[in-house]
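Thanks for sharing this one. Here are my notes, in the order I would go through them at the bench.

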Amino acid sequence: MTVKVAPSLLSADFSRLSDELKRIEENGADWAHLDIMDGHFVPSITIGPVVVKSLRPHTKLFMDAHLMVSEPEKHLEEFAKAGVNLLTIQAEATEHLDRALRKIKELGLKAGVALNPATPASFLEYVWPLLDLVLVMSVNPGAGGQAFIPEVLPKISYCAKEIRSRNLDVEVEVDGGVNRETAPAIIRAGASILVAGSAIFNSSDGMELIHDFKRL
Ligand code: DX5
Ligand code: ZN
């Protein structure tokens, strides 16, 4: 199975985001991964729905929004209006995961749950049928350029196996420290989508890497 590649704009040039979107689109990216941080769930603050909405007309790419925000349920509608295609919320950020996922579906979007490195995949036991994607965080969220945490590899395999045995159509996305060295093991474990920020935007052969990931 060929993996999809979702470059994370977190490591792009924020003064030229629409050009960066064009660049990844021309170089074979499948999705655009947007990291939304609120200064509360994680220390950093990035972009919100206003910026996402202004970018929407500049790309045909599927917009994969990763909300690293507390109480994401308060912001779902605004991101839907901004034109994202998929909303992933952090399992640890809401007390009402089931309700928040149902809300995302009601808004007509695909729904994902992100699991921090220490959060077990069994957390998803009763929400699997609501999911289009599980995002296995392979670094602690909050910043690009961190080292891959290999302890999450069994979690990737567990999710892939669970999806197969339940006969579900759910993507397994892996985010954090994904690069030429770490990608083969991540794909072997069962990932179907690779997110990469610094490996794509901060290296001279980053755009070629989008194609190279698909050949692994
Ligand atoms: C981290 C973000 C990631 C980040 C990954 O909190 O969720 O999407 O951009 O960056 P790299 O690929 O540099 O680890
Ligand atoms: Zn992310």
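**Notes on the predicted model**

1. Let's start with the overall make-up. This is a predicted model, and its chain holds 8 helices and 8 strands. The chain has a radius of gyration of 16 Å, close to the 17 Å that the globule rule gives for 216 residues, so it is as compact as a globular protein of that length. Along the principal axes, the C-alpha atoms occupy a box of roughly 45 × 35 × 30 Å.

2. Next, the inside of the fold. Of the 216 residues in the chain, 54% are buried. Among contacts with a separation of 6 or more, 64% are between residues 24 or more positions apart.

3. Now the outside. The accessible surface of the chain is about 9,700 Å², and carbon and sulfur atoms contribute 51% of it. As for charge, there are 22 positive and 29 negative side chains. The centres of these two sets are 4 Å apart.

4. Helix H4 is a good place to look in detail. Which residues of H4, spanning 97-106, are buried? They are Leu97, Ala100, Leu101 and Ile104. Viewed down the axis of H4, these buried residues fall within an arc of 100°, so they line one face of the helix. The general background is handy here: an α-helix has 3.6 residues a turn, so residues three or four places apart point the same way.

5. What do the buried residues of H4 pack against? Their partners are helix H3 (76-82), strand E4 (86-90) and strand E5. On the other side of H4, Arg99 and Glu106 are exposed. After H4 comes Gly108, which has a positive phi, near 85°.

6. Please also have a look at Ala121. This residue sits in the loop between strand E5 (110-115) and strand E6 (133-137). Is Ala121 buried or exposed? Its relative accessible area is 6%, under the 20% cut-off, so Ala121 counts as buried.

7. Which residues does Ala121 touch, leaving aside its neighbours within four places in sequence? Ala121 is in contact with Leu115, Lys155, Tyr158 and Cys159. Take Tyr158 as one of these: Ala121 and Tyr158 are 37 residues apart in sequence, yet their C-alpha atoms are 7.6 Å apart in space.

8. A short recap for your own viewing session. Strand E5 is worth displaying with both regions, as the buried residues of H4 pack against E5, and the loop holding Ala121 runs between E5 and E6.

Note on methods. Residues are numbered from 1 along each chain as its sequence is written. Chains are lettered from A and ligands numbered from 1 in the order in which they are written. This is a predicted model: local features need pLDDT of at least 70, side-chain atom pairs count only at pLDDT 80 or more; totals for chains, interfaces and linings use all residues. Side-chain values use heavy atoms; hydrogens and water are left out. Helices (H or I, at least four residues) and strands (E, at least two) are DSSP runs, numbered from the N terminus. The radius of gyration is taken over C-alpha atoms; the globule rule is 2.2 Å times the number of residues to the power 0.38. Buried means under 20% relative accessible area, exposed over 50%, partly exposed in between (1.4 Å probe, protein chains only). Contact means heavy atoms within 4.5 Å. Accessible areas come from the Shrake-Rupley method with a 1.4 Å probe; for residues, only the protein chains shown count as cover. Lys and Arg count as positive and Asp and Glu as negative; His and the chain ends are not counted. The place of a charge is taken as NZ of Lys, CZ of Arg, CG of Asp or CD of Glu. The arc is that of the directions from the helix axis to the C-beta atoms.
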